[in-house]
Amino acid sequence: MFNGATVHGITGTKWLRHPAEIPLLVAAAITTFLGYFGWFGIIAWLASSSDATGVEAEVRSLFLDGGTLSQVVLVIPLFPLIVWIIRAVTYAQLRASSVQMSPTQFPEGYRMVVEAAQEFGLRRVPDAYVVLGNGQINAFAAGHGFRRFVAVYSDLFEIGGQARDPEALRFIIGHEVGHLAAGHVSYLRLIFSQLVSYVPFLGQAFSRAQEYTADNHGYAYSPEGVPGAMGVLSGGKYLGAEVNTHALADRATREKGFWLHMSNWLSTHPINTWRAHALRDRSRPGRIMIRPPESTAWFPPSAPSGSGWSDSWPTPQQMRSVLDSTTTSVPSEEQFGRYPGVAYETPRNELRWASPVPVSVGTEPAGQAVPAPAEAQHPESYGYTPSAGREDELAGDSDAAPSTPPAPEDRGDWPGQA
């Protein structure tokens, strides 16, 4: 309870935590204390025996007529119990109806959970489950008591198969285990920050800071999984392999305006363009309130921005001529998803890290791969030094994860058993 979620202490791994998270946590705790202090004041005022008249009597009636304010007054002291019950029910539902990852069930996904737990210094391996997604792309981390668990929806877990993108799943699992390592699901933390979720802008900013912290953990665990993770979160499990990460990240610098900022300010998760930019540019751990400057874009724009004047947009004839004069190294029939069991000649990253700028026919094709910057390929650039276990894996330690995922027929069997 007081030593933190990992062997690194209550502060966790400092260089992986977003710099705004702790100040926002303090603001959340102050908000919660003020909320409870205000509740005590209201109860004391309502319990006073003085005869109220005029405006005071009308205000009293608002709290005592059984309406919304009356319900709020009754619910606030029950928050700790409500949170405890919700966590208990969530864990029970997973244990009762979901597929538990284990050495005999989805062992390739479970290995990722185990290695992430070791990487981030967790004292115990968290429970891990695959939840029926019904088309939803989602994953979450939570806890109950001292137990911790992660859950990945089946539609998202599916991308980790051999024919898809195991590194993208590794990043996502690293992100969720990162929530555990950073203490985001601690019961005390939730109690001390519960009321802030009802404060406009402040509650969402606190949540986004935690998501950036989890992204930093996911990046430290699997930097190669960034393009795949951003692809599936923005383009879905079929088209995700075709999403150009540079184009997504560069748009964060050019899409501007009050309403675009408002969409981010009111979101509990960073908007995808800003998130992609933060994962590509490791000199800044994330954006909370304002967009990154346009000078941080890597390439000139290949399409107009929605915030620009409409008269600057091309006519159909102009854009048709651009399309007719450009080429790409990726055949058009491969632009619409990669499916299990189908072989593709073009490597994923040749498209996902390619230049997003169209190139005229006869010149270097636009699909020519542009390697990620050196600082985007090595976690050390963010101040993170891999643990000894991770270094052993890179050095070929026999106990480390294999460089390629297990064959599909190994799923559900003992690892290495025919």
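Which residue of β4 is the bridge partner of Phe-140? In the predicted model described here, that partner is Ala-151, and the pair offers a convenient point of entry to the sheet in which it is found.

The sheet is an open one of four strands, arranged in the order β1-β2-β4-β3 and with mixed pairing. At its edges stand β1 (99-100) and β3 (139-144), each of which has a single partner strand, so that one side of each is left without a neighbour in the sheet. As a general matter, the strands of a sheet pair through backbone hydrogen bonds, and this pairing is either parallel or antiparallel. Both senses can be followed from β4, which spans residues 147-153. With β3, the strand β4 pairs in the antiparallel sense over six bridges, whereas with β2 it pairs in the parallel sense over five bridges. On the side of β2, Ala-128 has Val-150 of β4 as its bridge partner, while Gly-143 stands opposite Arg-148 in β4. The hairpin formed by β3 and β4 has two residues between the strands, and in this hairpin Gly-145 takes a positive phi near 65°.

How β4 is placed with respect to the rest of the structure can be judged from its burial. Five of the seven residues of β4 are buried, a residue being counted as buried when its relative accessible area is under 20%, and the strand is therefore largely enclosed by the rest of the structure. Helix α4, made up of residues 79-97, lies across β1, β2 (127-131), β3 and β4, and runs at about 115° to β3.

Burial can also be followed in the helices. In α13, which comprises residues 272-280, eight of the nine residues are buried, so this helix too is largely enclosed by the rest of the structure. The buried residues of α13 are Thr-273, Trp-274, Arg-275, Ala-276, His-277, Ala-278, Leu-279 and Arg-280. One of them, Trp-274, is in contact with His-261, a residue placed in helix α12 (residues 258-265). His-261 is itself buried, with a relative accessible area of 12%, and, when its neighbours within four places in sequence are left aside, its contacts also include Met-289, Ile-290 and Arg-291.

The interior of the model was also examined for enclosed spaces, and two cavities of 30 Å³ or more were counted. The largest cavity has a volume of about 100 Å³ and is lined by 13 residues, of which Ile-159, Asp-165, Lys-237, Gly-240 and Ala-241 lie nearest its centre. Two helices, α10 (226-239) and α15 (348-352), each supply at least two residues of this lining, and the largest share, five residues, comes from α10. Sorted by class, the lining of the largest cavity holds three nonpolar, four polar and six charged residues.

The second largest cavity has a volume of about 50 Å³. Its lining consists of Thr-6, Thr-11, Gly-12, Thr-13, Leu-16, Arg-17, Ala-181, Ala-182, Thr-213 and His-217. By class, the lining of the second largest cavity has three nonpolar residues, six polar residues and one charged residue.

Technical notes. Residues numbered from 1 in each chain as written. Predicted model: local features only at pLDDT ≥ 70, side-chain atom pairs only at ≥ 80, totals over all residues. Heavy atoms only, no water. 1 Å grid on protein atoms, 1.4 Å probe; cavity = no way out; pocket = protein on both sides within 12 Å on 5 of 7 lines; lining within 4 Å. Points joined across faces, edges and corners; volume = space filled by probe spheres on them. Nonpolar A, V, L, I, M, F, W, Y, C, P; charged D, E, K, R; others polar. Pairing = 2+ DSSP bridges. Contact = heavy atoms within 4.5 Å. Axes fitted to C-alpha atoms, helices over the stretch in contact; angles between N-to-C directions. Buried < 20%, exposed > 50% of the residue type's maximum accessible area, 1.4 Å probe, protein only.
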